[in-house]
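Grab the viewer and a coffee, and work through the exercises below. Each one sets a task and then walks through a solution.

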Amino acid sequence: MGSSAQISASKAFTLHLLCALAFAVAWVVACDVFSWTLVGHPALVLRLLFSVHAPFVIVVYSMLRREPEHCPFWKAVGRGLLAIPVGALLNAFGAIVLGAPVGISYLPKTIYWSLLMSLFTFVPAACVVGSSRTGWQSFLLANSRPIEELDCMIILPAYGAIIGSWFGAWPMPLDWERPWQEWPICVTYGAVIGYLMGMLVLTPAFILGMKRQARIKGD
Amino acid sequence: MAEEKWRMIRPFFFILALHCLAVFLYTRGFLLTRTELSSFSRCSDDHPCSAPLNSTAHSDPFQRPDRDHDQWCWTRPAVDRIVIIVLDALRYDFLSPSTFFKEKKPWMDKLTVLQRLAAKEPLSARIFKAIADPPTTSLQRLKGLTTGGLPTFIDVGNSFGAPAIVEDNLIHQMAQNGKRVLMMGDDTWLQLFPNHFKTAYPYPSFNVKDLDTVDNGVVKHLFPSLYQDDWDVLIAHFLGVDHAGHIFGVDSMPMVQKLEQYNSILERVVEVLKNQSGPGGLHENTLLIVMGDHGQTLNGDHGGGTAEEVETSLFAMSLRSPPPSVSSILDHSTCKLDLEGEMICTSSMQQLDFATTLAALLGIPFPFGSIGCVNPELYALSGGTWDGQWTKNRNQEYCSDLEEWMQTYTNVLCINSWQVNRYIDMYTSTAVIGLPSEDLRHLRELYTQAQTNLQNSISSTCSESTLQRQIDAYSDYLGSVAKLARSAWTEFNLILMFAGLCVMILSIFVQIFFILRVNNLLELNYLVSGITSSPFRLASALALVVIRAASFLSNSYILEEGRVGCFLLGTTGILNLWSSIRRGKLTIEEPAFLFLNIILRFGIMIGQSKKNVGSTSMDAHLYAFNISLDVRKQFLAIPMALQDLGKNFAPRIIYAIGFGLLTLIMLCKNLNQKEQPSSPAEQTTTATVAMLCAWSPTVLILLGSQGPPVALIYLFGAWCIIRSHRGVQMEAQSQKEVLVNDPISITQWSLLGVCLFFYTGHWCTFDGLRYGAAFVGFDEFNIVRQGLLLAIDTFGVLHIIPVMSLPLLVTLKHCYSKHSQVKAVLFLVLTQLFLSYGLITAVTTTFTIVCVTIQRRHLMVWGLFAPKYVFEVLGLLLTDILICLASLCYY
């Protein structure tokens, strides 16, 4: 495997922390500078989060791209940009299957939410793996090869975001009549919590666990 | 072979029996039922209570003296007119002075005009604490107030869905006996009494957020009516306080404003009444009653049985004052100084007694099913009850006012007891679930004793102590009746409920045990693994089933059950899609299933919006039918006779074909026991398809215009599930094991039924039943036939079709034909399939039962949890029966 496959836990944590910090900064800017809240202005906040978070994610994961000797940096960035709308479509489809409201008033919120979800789930994989069919196959197929650190870095935050938003949808039908029960606010909260958990807790833990196992095997 | 077959079928019957036992026990403890009797009291009914002093002292008391029947019926009318002002959800502390409570709250002492009247005119005006019986929902309470009974959750009767009261009731008696009733306000009254009112000004009550429309409408009609003489009973029902409570809670500005508004309205009402109360005035002998139908909690909820919800207030004022001796009848134990330093006394009464007392005051027959007792204080407040009608006919001795009143009251109580006794007798002989016989015997003893007393005491009628003893005897009897009725109709039996729950949980373990045993048999004898081979799929399927079941703990999730089901079905679809991507074999059925899910969710959304508009499904059904008839009339010019024939004849033919086919299948199965050339899987497929052919036309025609899309969705969804099930099996085979039952697919099969149930516009309350469907093909009502059709319509897509078509999941694409003992394997696999499907239903039902037990004091227990319980339990039993039937037909 290429050199990029061997990633230490601290490096993964640093890169993820960078993304998370960018996200946090965007959140603070939205709250304090523009005084928008997710509850009050979901579309605006989601748009801001997306536009601040996107460059960081694309740059970070493009640096981790597979076979860097054959694939220049700008190509990986281009793949990431292309993947944004594709991932957004997939996420929006999933949300609508599960019952997200459709309607003109919900359209901007749904669009920005799925763009953000695309950053959480699809874009990192696209930047790293690229457009080759075999690359995706080896990445996706269950038993094609042993799991590497890089896979963890991509898959765990994505799983975190998806499972988080799945659970985030649970309070929606309750009759508490709170503004945050609206689509997509609590789903976004769930997704963000799951994503951050995946990035900052699960990924380092998994990578450390894998290293320890490898060391035991080596011994 | 037959032995083998029975060994496989036996578990199904065992589980059915367990479930029946559990449901029986739990239902006896939880669902209190009462049978509505259709008998009515009549003026001419013969009662054994004569007016004793009218005859000579030695005459037979049971021989009725001549009475002028044109003047009165059972009791002598004491009031001419009654004004009943109902303030919905009037808590006791809204009316009672704040000095009666520990601390003064902002909502207290707002109805000052009534408090002042009660303090200044203690002889003719009084505040009562009226104690309602749960369920404290408006509809049930109005029913209780007017019938004088204890409406339960299920009143077994002839009213098939329509809320109109078929039992004898106060309003019916008023209308029958020439009392003109004028109604204004809450339109619930009109639903309950569609054609009893002389005039009605109903206003819609369903918009809880609207605090004023109903109230303003009532005010608009109330004051002009008070000057009219074209009514005898006026009912004005204000809704503002109830709605303000529901939206803002009791401790809120709108509530205080509402109460202040009512205070000024009541002030004007009292003023108008008093101005005309002089001799010959319109309101010379009018009784004003201001009452709540139930209380509310501080959050504005009601429905349950807590003190806040059942304690409501009743204010009564007679415009014709009784003599001062009334004060010895009235209760003085709860007197306190009010804010202005005046003594104010309150009493306590049961709402149950309202109907009887009012009927006694008006001089009309008591409602047949009333078990209340004429309340002495409310009765005495009216000056009319003190008219010494006996004095003229008596010459032996002189009775005081009080003694005369007590004679009157004894007579009233005698009639009261006779009427209650008649009802208890009739109820015992006709009810579905009667009353305990031991208590009945005790009641009968009390009644006989009281009547004997009456005979003995008849000679010394003027003695106060004798009369008091007689009154006590009657009160004792009536009190015992009310107590027995309460225990039978309003109290849960926790022991039975708990026993039922335990049996239900036991049945789940039995089911799991059977599933595991079948699994062992499969693995040991035939080297294929059953349901448990894939831990991830098993765990996720279990998690989904448990999440769905646990969601019934909250009323919101029950309301949104369709959306929750669709959400979970979508989740299974996404799980399947993801695992097929991970397998590297993305096939068309996985994305297709997701698209199907989108269609389902929009369909469910449309179905839900129908629910919110209101329960006019029957009208809509008939309306659609009429339109289609009109269209046909215009364009096809079919003769009317032929149309009628087609309307009823065509559905009946279809029912007949379905039934005939079903019989034929059973017959063939029993007659044709020879070995057939085709493989067992093919045979089972054929049998399943035949079974579907027998059931689906009936289900489809009952679904009406929704039938064709439902059929299409069903076929498509089933195709997707079967294909992906096949995919999972292939995957397992490639890993050198044979998985025959995929837990996720079975869960999907069951969830698809749930989604379609809501897609077709059903929901789990009784107004969600599509009554129109029961009359497809029939015009006249027959409880068995129409009930059966309604059941098929309700459970058709939810249980009947899924259970009957379940074998297709394994037989259509079977992949274990290489085994020598194919038939045995197939039947084991089918057994496991049915057991797993049954387990899903049983787990859901068990959770529902747990939730209902936990929430039995919840505000919505009668509106939401109890109907849900009934639907789940019926569904469970139906599933068990269908599985038994299917196993008999297919094995």
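**Exercise 1.** Work out what length helix α19 of chain B should have, and how far it reaches in this predicted model.

*Solution.* Start with the residues: α19(B) runs from 561 to 583 and has 23 of them. Next, take the expected span, which is 1.5 Å times one less than the number of residues. That gives 33 Å for α19(B), and the reach from first C-alpha to last is 33 Å, close to the expected value. Now look at what surrounds the helix: 17 of the 23 residues of α19(B) are buried, so it's mostly covered, going by the cut-off of 20 or more other C-beta atoms within 10 Å. Finally, check what comes right after: α19(B) is followed by G584(B), with a positive phi near 80°.

**Exercise 2.** Find the largest nonpolar core and say which helix gives the most to it.

*Solution.* The largest nonpolar core has 173 residues. Its best-connected members come from both chains: L116(A) and V123(A) on one side, and C755(B), I800(B), L833(B) and F834(B) on the other. The helix that gives the most is α28 of chain B, residues 822-854, with 16 residues in this core. Now zoom in on C755(B). Skipping residues up to four places away in sequence, it touches G562(B), G565(B), C566(B), L569(B), L600(B) and I604(B). There's also a second, separate core, with 123 residues, including L222(B), L239(B), Y423(B) and A485(B).

**Exercise 3.** Is strand β5 of chain B buried or exposed, and which strands does it pair with?

*Solution.* Count first: 6 of the 6 residues of β5(B), residues 181-186, are buried, so the strand is largely enclosed by the rest of the structure. Then trace the partners. β5(B) runs parallel to β7(B), residues 233-238, and 5 bridges join the two. Within that pairing, M183(B) has I235(B) as its bridge partner. The other pairing is with β6(B), residues 199-203, again parallel and over 5 bridges. Here M184(B) is matched with Y201(B).

**Exercise 4.** Where do S35(A) and D109(B) sit, and is each one buried or exposed?

*Solution.* Begin with the backbone. S35(A) has a positive phi near 45° without being a glycine, and D109(B), also not a glycine, has a positive phi of about 55°. Next, place them. S35(A) is in the loop between α1 (9-33) and α2 (42-63) of chain A, while D109(B) is in the loop between α2 (92-95) and α3 (112-120) of chain B. Last, count C-beta atoms within 10 Å. S35(A) has 9 others, so it's exposed; D109(B) has 20 others, so it's buried.

**Exercise 5.** Track down the cis peptide bond that involves P184(A).

*Solution.* Look at the bond between W183(A) and P184(A): it is cis, with omega at about -5°. As for its setting, P184(A) lies in the loop between α7 (149-168) and α8 (185-218) of chain A.

**Exercise 6.** Describe the surroundings of G875(B).

*Solution.* First, locate it: G875(B) is in helix α29 of chain B, residues 861-890. Second, count: 22 other C-beta atoms lie within 10 Å, so G875(B) is buried. Third, list its contacts. Setting aside neighbours within four places in sequence, these are F795(B), L798(B), H799(B) and T841(B). One more distance to check: the C-alpha atoms of G875(B) and A842(B) are 9.5 Å apart, with the two positions 33 residues apart along the chain.

**Exercise 7.** How many residues does each chain bring to the contact between A and B, and what is the side of chain A made of?

*Solution.* Chain A brings 12 residues and chain B brings 20. On the side of chain A, α3 (73-97) and α6 (133-140) each supply at least two residues. The largest share, 3 residues, comes from α3(A). Sorted by class, that side of chain A has 8 nonpolar, 3 polar and 1 charged residues.

**Exercise 8.** Compare the UniProt "transmembrane region" annotation of chain A with the model.

*Solution.* The unreviewed entry places this annotation on several stretches of chain A, among them 12-38 and 150-169. Over 12-38 the chain is 81% helix and 0% strand, with end C-alpha atoms 29 Å apart. Over 150-169 it is 95% helix and 0% strand, and the end C-alpha atoms are 29 Å apart.

Terms used:
Residues numbered from 1 in each chain as written. Chains lettered and ligands numbered in written order. Predicted model: local features only at pLDDT ≥ 70, side-chain atom pairs only at ≥ 80, totals over all residues. UniProt positions renumbered as here; feature names shortened; annotations may be inferred. Helix = DSSP H or I, 4+ residues; strand = E, 2+ residues; numbered from the N terminus. Contact = placed C-beta atoms within 7 Å. Nonpolar A, V, L, I, M, F, W, Y, C, P; charged D, E, K, R; others polar. Core = buried A, V, L, I, M, F, W, Y, C linked by C-beta atoms within 7 Å. Buried ≥ 20, exposed ≤ 12 C-beta atoms within 10 Å, placed from the backbone. Pairing = 2+ DSSP bridges.
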